[in-house]
Amino acid sequence: MEHSNISKRLVIFAEDPSDTRKSLRKRWKNYKKDSRDHRIWRLYPLRILAVRIRKFKDNSDATADFSSAFFISQTYQSSRYSTDQALRSSFYEGSTFQDTLESLGVVNFPSQSKGTGSGISDVLPVPEKVEPMPAKISLLLVETPTFFIFELSSKTADADSEEGIETDKDNKAYEYLTTGKGRNRKVLNAEVQTYTILAKSRETEAEKVGTKNNYAYASGWDMYDTYSNTAEVPKKPLPEPKDSGFSLDSMQVPVEDKQMIKIVKSPSFLNSLRVIERLLANNNYNKQQQIFRGLLEPDPFREDIEYNYQLMLLWTFKNEKTKGRCVTAICWNTINDDILAVGYGKFYYAEETTGMVMIWNVKNPVQPERVYNFISPVTSVDFSSQHPNLLAIGFYNGSIQVIDISDVNVKLIGMSSREDSPLFEPIWQIEWYTDDDYYKGMEFLMATSQDGRISRFNIEDAAYMPYFHLMRVSRAEGKLKGLKVANKCVVPGIPIARHPGALVLTQHPVDSNIYYVGTSEGVVHKCSKNYYHQHLDLFLAHEGPIYQIKFSPFCDRLFLTCGDDWAVRIWAEGISEPLLELSKTMQTVQSADWSPCYSTVIANVSGSEIFIWDLQRKAYAPQSITKSPSKCRSTIVQFTKNGRCLLVADIEGNVHIFSLEEMPFPAFFQDSLMTQALKRELIIKPDLLKKIDKLEGLSFDKTKFKKHFR
């Protein structure tokens, strides 16, 4: 058999109506003998036999033996499955074989040959030439139309409208924070602990309210008469606001202006104005307030780290009313660190002035929140720990008042009485304390006066606070321990006063029954609340009045004193000699304070200069000297609670707030750093070093003090 003219054809044997299955099988066996390469598909339900011939030379001889065979000249290599399915579906529906071929587009039969018993070979002649199947078939992929399931159009606004301007601002801010310079902004991670609010559930039984049912009948005539009587009553005009005084000018003021004046003086309107003032002040002092709260700290990994101990002025608490008034006392609120109470009095004895207390807020450095005026100059102020809204005020005339600062006007809670209180000289210092002994948990008020008395007051429901005598210091006689001074030539005579003035009062950091009193003669008295007529110990600290006594926040055995002899001295309880002496100028040291962040840093004011000392580096000279912006005499210096800022007050009524810049990093073990610094400075005083070693540390063992108060 020659293979030169080979093609693929599909031969379908259709059964004649007169044929049977046996005759069809017989003819197939005869065909099988002639063809070697073949495939067969059998469709039993249709009684059709399909044979695919792959290799044969010419189909004229092969079809001569089959009267019921015909040839299809189209190749079905790629559409075999679809053709079989079409054949099956057509025969299942009951159509004839000829109809199926016509539906496939294979051949068109004449109308007279359908359904007859004549062979198909009579209709389709055998083609002489068959086109070969192409080697490659190209497929063209066409994209279908896009169907949008959901579409949301963008929202825009006109550029000239208010919405368009706001949208433009938002877009610029977004670009600034994402792709502009704002993406390099500094972000601070800060942790905040929310205070736990203690709540208590209580149950109570309400009393039964008596009720009574009642009814009345109202006819249409009753309602008509009532309405007619109401309409005849003339309407009364609204009452005009009453003036505080009668004058001819008030009669000429229109009613609208009087109502406006009443609105301006209303408390709700004034509170709204205070809130607006805080917002406006925040625009000008936003960066300074962040520095005050410690939100803008310097980078600890910066390259240009220098320890210069500089002071940068943030703002000054002052206004027209404070001009020329000496700041005599300041106190931060015990709960809110933004609230500061400032007392204004007199500095020189010959001055004649009145007293004033202002409540300043860090949120508004321009104007105070409260202003309270008094007849006598103010000498000291202090906030209560249990009731932060109560402020105790001491006056130059010897009286004491406790007011509630939550009210705009002076709301008196308690005051001292002249009937049972012998105090008539200036109250130099007042301090709240909580008793841990007999009156455990109760809060009392202690005060020191010029006549040497240490008094105690208790706030009760009555208007006057009862007076209780604690101690009255006496003049020190004989040779005193402590500071070594040169012998003085004493002129014999009668002293003016038998008792020195008690200027300073400080509680013991561990034992609540012990307190220290600094007098005008430079002596420190160690007293107890259990002994009313004698002191426990005393020593000479300064050659003049003492203005400050403060314990260290890290080493509670150490405390500092400053006075009129131009020096700040550091003492240790149990050692009667001063450990260190800090002195720079020949001027009075009015105030000094320990830093709550650095155990070795001390600040003091002398004249118009502010000194910053660091005992870790050197004790013979301060680290920095800053001139006061007002260039007048300073009276008070105090660190803020977080230790990042310094407060300085002067005799002209200014309260300056400074931030500490270029400071060293705080040490992890502050007490150890202080101990090492002291021992290094006392290397030339071996006797003092031995006494410090005997103390077994510069901090008290608090367990030894707690056992007495269980």
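The protein chain of this predicted model comprises 13 helices and 33 strands. Of the 710 residues in the protein chain, 40% are buried, and its accessible surface amounts to about 45,800 Å², with carbon and sulfur atoms accounting for 52% of that area. When contacts between residues at least 6 apart in sequence are considered, 54% of them join residues that are at least 24 apart.

Among the strands, E27, E28, E29 and E30 are arranged in that order in an open sheet of four strands with antiparallel pairing. Strand E27, which spans residues 589-594, and strand E30, which spans residues 624-627, each have a single partner strand and therefore occupy the edges of the sheet, one side of each being left without a neighbour there. From one strand to the next, the twist averages 20°. The pairing of E27 with strand E28, formed by residues 601-606, is antiparallel and extends over five bridges; within this part of the sheet, Ala 592 is positioned opposite Asn 604 of E28.

With regard to aromatic side chains, a search of the whole structure identifies 17 aromatic pairs. One aromatic cluster is formed by Tyr 285, Phe 292, Trp 315, Phe 317, Trp 332 and Trp 360. Aromatic rings are also found beneath charged groups: Lys 346 lies over the face of Tyr 396, at a distance of 4.2 Å from the ring centre, while the charged end of Arg 456 is placed over the ring of Phe 444, 4.6 Å from the centre of that ring.

Terms used: Residues are numbered from 1 along each chain as its sequence is written. This is a predicted model: local features need pLDDT of at least 70, side-chain atom pairs count only at pLDDT 80 or more; totals for chains, interfaces and linings use all residues. Side-chain values use heavy atoms; hydrogens and water are left out. Rings of Phe, Tyr and Trp (its six-membered ring) pair if their centres lie within 6.5 Å; planes under 30 degrees apart count as stacked, over 60 as edge-to-face and the rest as tilted. A charge sits over a ring if NZ of Lys or CZ of Arg is within 6 Å of the ring centre and within 35 degrees of the ring normal. Two strands pair if DSSP finds at least two bridges between them. Helices (H or I, at least four residues) and strands (E, at least two) are DSSP runs, numbered from the N terminus. Axes are lines fitted to C-alpha atoms, for helices over the stretch in contact, and angles run from 0 to 180 degrees between N-to-C directions. Buried means under 20% relative accessible area, exposed over 50%, partly exposed in between (1.4 Å probe, protein chains only). Contact means heavy atoms within 4.5 Å. Accessible areas come from the Shrake-Rupley method with a 1.4 Å probe; for residues, only the protein chains shown count as cover.
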